[in-house]
Amino acid sequence: MDIKAPSIIEKPKVNISPELLDELQAQIHEQGQVVIHCIQKADFPSLIRIWPTTFLYDQHSDHSSELVHAENICYFPQWKAVDEGENYFTLIFSGLPSHCVVFDLIEHCSNEGGAFKVMSITRNDGDVYYVQV
């Protein structure tokens, strides 16, 4: 199996309900949360899940932001069946410190072959990001 490194998507083609985006944006500003929209490409039907031991790490301090909510993906130990093609899920994390300019998204799990990492994400004003994992 050819494993590709995760990447940051600059201009994604994602179809998300405008009402949901408005609601998430309001929550981000109220609670200082960070939203990561993930695209996972599958070559065949498979199973996915996220471990609650997934964090954002500020590259210039010892700060880590916790995963507080996941949408359209199951938490370990459950699995979610996904179809071949692009699958989308959203991860919401506690806020990053105001001085943070670059951070990493790292999933820690006992099955390290299945864990993903997206390194060196440049912080933006909205704290909403799109990545391919």
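This is a short walk through the side-chain contacts and backbone exceptions of one predicted model.

Let's start with the core. The largest nonpolar core holds 22 residues. Six of them touch the most other members: Ile 36, Leu 56, Leu 91, Phe 93, Phe 103 and Leu 105. Which strands supply at least two residues each? They are S2 (34–42), S5 (64–71), S7 (85–93), S8 (102–107), S9 (117–122) and S10 (128–132). As general background, nonpolar side chains in soluble globular proteins tend to be buried together.

Take Phe 93 as the example. Leave out residues up to four places away in sequence, and look at what Phe 93 still touches. There is Gln 33, Val 34 and Ile 36. There is Thr 54, Phe 55 and Leu 56. Then come Ser 65, Glu 66, Leu 67 and Val 68. Leu 105 completes the list.

Stay on strand S7 for a moment. Ile 92 sits in that strand. Ile 92 has 6% relative accessibility, so it counts as buried. Its C-alpha lies 6.2 Å from the C-alpha of Ala 70, across 22 residues of sequence.

Next, the rings. A search of the whole structure gives three aromatic pairs. I'll show two. A pair is described by the distance of the centres and the angle of the planes.

Here is Trp 51 with Phe 76. The ring centres are 3.9 Å apart and the planes meet at 20°. Why is this pair called stacked? The cut-off for stacking is under 30 degrees, and the angle here is 20°, so the pair qualifies. Now the locations. Trp 51 is in the loop between S3 (46–48) and S4 (54–58). Phe 76 is in the loop between S5 and S6 (80–82). The two are 25 residues apart in sequence, so the pair ties those parts together. Trp 51 is buried, at 13% relative accessible area. Phe 76 is partly exposed, at 35%.

The other pair to show is Phe 55 with Tyr 57. Their centres are 5.9 Å apart and their planes stand at 50°, so this one is tilted. Tyr 57 is partly exposed, with 25% relative accessibility.

On to polar and charged contacts. His 37 is in strand S2. Is His 37 buried or exposed? Its relative accessibility is 5%, so His 37 counts as buried. The His 37 side chain makes a polar contact of 2.9 Å with the side chain of Thr 90.

How many salt bridges are there? The count is two.

Lys 41 and Glu 86 form one of them, at 3.8 Å from N to O. The cut-off is 4 Å, so this pair is counted. Lys 41 is in S2 and Glu 86 is in S7, with their positions 45 residues apart, and the pair links distant parts of the chain. Both ends are partly exposed: Lys 41 at 48%, Glu 86 at 41%.

Arg 123 and Asp 127 also form a salt bridge. Their closest N and O atoms are 2.7 Å apart. Asp 127 is buried, at 8% relative accessibility. Arg 123 is partly exposed, at 22%.

A quick word on cysteines. The disulfide count is zero. Cys 38 is buried, at 1% relative accessible area. Cys 109 is buried too, at 9%.

Last topic, the backbone. Most residues other than glycine have a negative phi, and most peptide bonds are trans. Some places here depart from that.

Where is there a cis peptide bond? Phe 76 and Pro 77 are joined by one, with omega about 15°. Pro 77 is in the loop between S5 and S6. Phe 76 is also the ring partner of Trp 51.

Asn 72 lies in the loop between S5 and S6 as well. Its phi is positive, near 70°, and Asn 72 is not a glycine. Asn 72 is partly exposed, at 42% relative accessibility.

Ser 120 is not a glycine either, yet its phi is positive, about 55°. Ser 120 is in strand S9. Its relative accessibility is 40%, so Ser 120 counts as partly exposed.

To recap the loop between S5 and S6: it holds Phe 76 of the stacked pair, Pro 77 and Asn 72. That's the tour.

Notes: Residues are numbered from 1 along each chain as its sequence is written. This is a predicted model: local features need pLDDT of at least 70, side-chain atom pairs count only at pLDDT 80 or more; totals for chains, interfaces and linings use all residues. Side-chain values use heavy atoms; hydrogens and water are left out. A nonpolar core is a set of buried Ala, Val, Leu, Ile, Met, Phe, Trp, Tyr and Cys residues joined through side-chain atoms within 4.5 Å. Buried means under 20% relative accessible area, exposed over 50%, partly exposed in between (1.4 Å probe, protein chains only). Helices (H or I, at least four residues) and strands (E, at least two) are DSSP runs, numbered from the N terminus. Contact means heavy atoms within 4.5 Å. Rings of Phe, Tyr and Trp (its six-membered ring) pair if their centres lie within 6.5 Å; planes under 30 degrees apart count as stacked, over 60 as edge-to-face and the rest as tilted. A polar contact is a pair of N or O atoms within 3.5 Å; within protein, one must be able to donate a hydrogen and the other to accept it, and residues adjacent in sequence count only if both atoms are side-chain atoms. A salt bridge is a side-chain nitrogen of Lys or Arg within 4 Å of a carboxyl oxygen of Asp or Glu. A disulfide is a pair of cysteine sulfur atoms within 2.5 Å.
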